[in-house]
Amino acid sequence: MAENNNEVAKVAINDIGTEEDFIKAVDSTIKNFDDGDLVEGTVVKVDHDEVLLDIGYKTEGVIPSRELSIKKDVDPDEVVEVGDTIEALVVTKEDKEGRLILSKKRAQYERAWDDIEKIKEADGVVEGTVIEAVKGGLIVDIGLRGFLPASLVEMRRVRDLSPYIGQKIKAKILELDKNRNNVVLSRRQYLEETQSEVRETFLSQLKKGQIREGVVSSIVNFGAFVDLGGVDGLIHVSELSWKHIDHPSEVVKVGDKVTVEVLDVDLDRERISLSLKATQEDPWQRFARTHVPGQIVKGKVTKIVQFGVFISVEDGIEGLVHISELANRHVENPETVVKPGEEVFVKVIDVDLDRRRISLSLKQANDSVDPASEDFDPALYGMPAEYDEQGNYKYPEGFDPATNEWIAGYEKQREEWESQYATAHDLWEQHKEFVAKELENAEASAAEDGQAPKEEKVEEVSNYSSDNTSNGTLADSDQLAALRDQLLGK
């Protein structure tokens, strides 16, 4: 038995060698490295504040979460996964707690600096993702934190840098200082070099009067810049809207797709002037097209002057009610009739498109309707109505006057007609309520103005009926009145 034991022990010693040989054999399986060395290992564990990396050392290396990425406050699970093979830099082989501390971020820095230095020497271009907007510029991930000043982001200075976060961009390297860990980039220089030829060709093809599609790239106090496809043009604030605006942001925002007209191309200064409002219908022309003298419109009092009252009848369009057209009496002070901000109903007297002036009448609008009457003329309240040369009413498309029925297949036309009729009818009902209140307040208004109201006014209004003869309205005859009822399905 002893012989067997001795034989076993001897075999073991002979296989491994002496104790010194055994220690050497164990040491040979452990990697040797010093602080600052780059090592490669496998992720074996991911916690919320650190990652463990097996690099073949006697203990696993620890990568604190702050040493995982150049981004701040990252979630380790978003950077690495168990089983990933990554490179890390040895920060210290043994800290106070005996741990091997590593840094993935610093390993990136070391590799990136070599690459960045080569690109700088070759006057090349770096590409990275914008990860932060900081005071004065952007931070770009190019393997390390590159700083892109706001003045060098575009061909012009950009005030709002937030839209660039998450975007991949290309830039030239302006400054490189490894000792200070400082890299300064310029996207503008890259754009100038790459777009110079493209810009020149684009500008030569751009002509005054052309209509182009573009995207709003930035907004400044004096206007908005539009990217027309690699080349930006400016819409001055005066060309953004037909109405007065205080700031371009009231009309457009960054990223909006717009249709613009080219106003001017300055080849020497490489500047493009654009207009947004030129591609939109002039509201004055639209008003003149959709409103005719005699029509009743609803508006709001915007300004009261000695000679009358200004009424906003549409966004950006004002008309004047002369003091003589405010009431059926002599008015000394317009404020005794209306107040600023009050909603009123007025009749369109005249539209002077060339001079951009609209003459309105409050008293004629009030005289046009009897609050107690049921005689309704939709054409008076904006519903389109067409008549032939003989003055006969032209029936809506899809309506058969012979049967007084809508033809099958014209449901859309019927729906549109009924919608227009309902809108006009609602305006008429509102107008009647307004006139009723005006009649109630007439005596008080006149007394405030130091006068007595004329008694004829009430009688004048109450005598209004469809018996009054006029041409070109839907209430001209019993036949048309019956048609109106039939069109509504009564």
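Colleague: Which residues lie nearest the centre of the largest pocket?

Modeller: The general idea is that rolling a probe the size of a water molecule over the atoms shows where empty space is left. In this predicted model, Met155, Arg156, Phe225, Asp232 and Gly233 lie nearest the centre of the largest pocket, out of 35 residues that line it.

Colleague: And which elements give two or more residues to that lining?

Modeller: Those are α5 (187-205), β11 (211-220), β12 (223-227), β13, β14 and β15 (271-275). The top contributor is β11, with five residues. As for volume, the pocket holds about 860 Å³ of space.

Colleague: There's a loop between β13 and β14, and Val254 is in it. Where does Val254 make contacts beyond its sequence neighbours?

Modeller: Once residues up to four places away are set aside, Val254 touches Val216, Ser217, Ser218 and Ile219. Take Ser218: it sits 36 residues from Val254 along the chain, yet their C-alpha atoms are separated by 5.6 Å.

Colleague: Is Val254 buried, exposed or partly exposed?

Modeller: Partly exposed, because its relative accessible area is 38%, and the partly exposed class runs between 20% and 50%. Try Val301 for contrast, in strand β16. Val301 counts as buried because its relative accessibility is 3%.

Colleague: What does Val301 touch?

Modeller: Leaving out residues up to four places away, its contacts are Val309, Phe310, Ile311, Val338, Lys339, Pro340, Gly341, Glu342 and Val344. With Glu342, the C-alpha to C-alpha distance is 5.4 Å, although the two are 41 residues apart in sequence.

Colleague: Let's move to the cores. Which residues of the largest nonpolar core touch the most other members?

Modeller: Look for Ile311, Val313, Leu326, Val344, Leu360, Leu362 and Tyr381, in a core of 39 residues. At least two residues of this core come from each of α6 (283-290), β16 (296-305), β17 (308-314), β18 (317-322), β19 (343-352), β20 (357-361), α7 (362-367) and α8 (411-448). Of these, α8 gives the most, with seven residues. Apart from this core lies another, of 25 residues, including Trp113, Ile142, Leu144 and Ile169.

Colleague: Leu360 was on your list. What is Leu360 in contact with?

Modeller: Not counting neighbours within four places in sequence, Leu360 contacts Ile311, Val313, Gly319, Leu320, Val321, His322, Glu325, Val346, Lys347, Val348 and Ile349. One of them, Val321, stands opposite Leu360 in β20.

Colleague: How do I read the strand pairing around β20, parallel or antiparallel?

Modeller: You get both here. β18 and β20 run parallel and are joined by two bridges, whereas β19 and β20 pair in the antiparallel sense over five bridges. For a landmark in the β19 pairing, find Lys347, whose bridge partner in β20 is Ser361. As a general idea to keep in mind, side chains in a regular strand alternate between the two faces of the sheet.

Colleague: What should I look for at the turn of the β19 and β20 hairpin?

Modeller: Check the backbone angles. There are four residues between the strands, and Arg356 takes a positive phi near 55°.

Colleague: Where else can I practise on hairpins?

Modeller: Go to β7 (residues 137-141). Strand β6 (residues 125-134) runs antiparallel to β7, with five bridges joining them, and Glu132 has Ile139 as its bridge partner. The β6 and β7 hairpin has two residues between its strands, and Gly136 takes a positive phi near 95°. On to strand β8 (residues 145-149): β7 is joined to β8 by five bridges, again antiparallel. There Asp141 is bridged to Arg145. The β7 and β8 hairpin has three residues between its strands, with Gly143 at a positive phi near 100°.

Colleague: How many residues of β7 are buried?

Modeller: Four of its five, which makes β7 a mostly covered strand.

Colleague: And zooming out, how many helices and strands does the chain have?

Modeller: The chain has 10 helices and 22 strands. Of its 490 residues, 37% count as buried. The accessible surface comes to about 28600 Å², and carbon and sulfur atoms own 45% of that. For the contacts, take those with a separation of 6 or more: residues 24 or more positions apart account for 60% of them.

How values were computed:
Residues numbered from 1 in each chain as written. Predicted model: local features only at pLDDT ≥ 70, side-chain atom pairs only at ≥ 80, totals over all residues. Heavy atoms only, no water. Buried < 20%, exposed > 50% of the residue type's maximum accessible area, 1.4 Å probe, protein only. Contact = heavy atoms within 4.5 Å. Areas by Shrake-Rupley, 256 points an atom, 1.4 Å probe, with all protein chains shown as cover. Core = buried A, V, L, I, M, F, W, Y, C linked by side-chain atoms within 4.5 Å. Pairing = 2+ DSSP bridges. 1 Å grid on protein atoms, 1.4 Å probe; cavity = no way out; pocket = protein on both sides within 12 Å on 5 of 7 lines; lining within 4 Å. Points joined across faces, edges and corners; volume = space filled by probe spheres on them.
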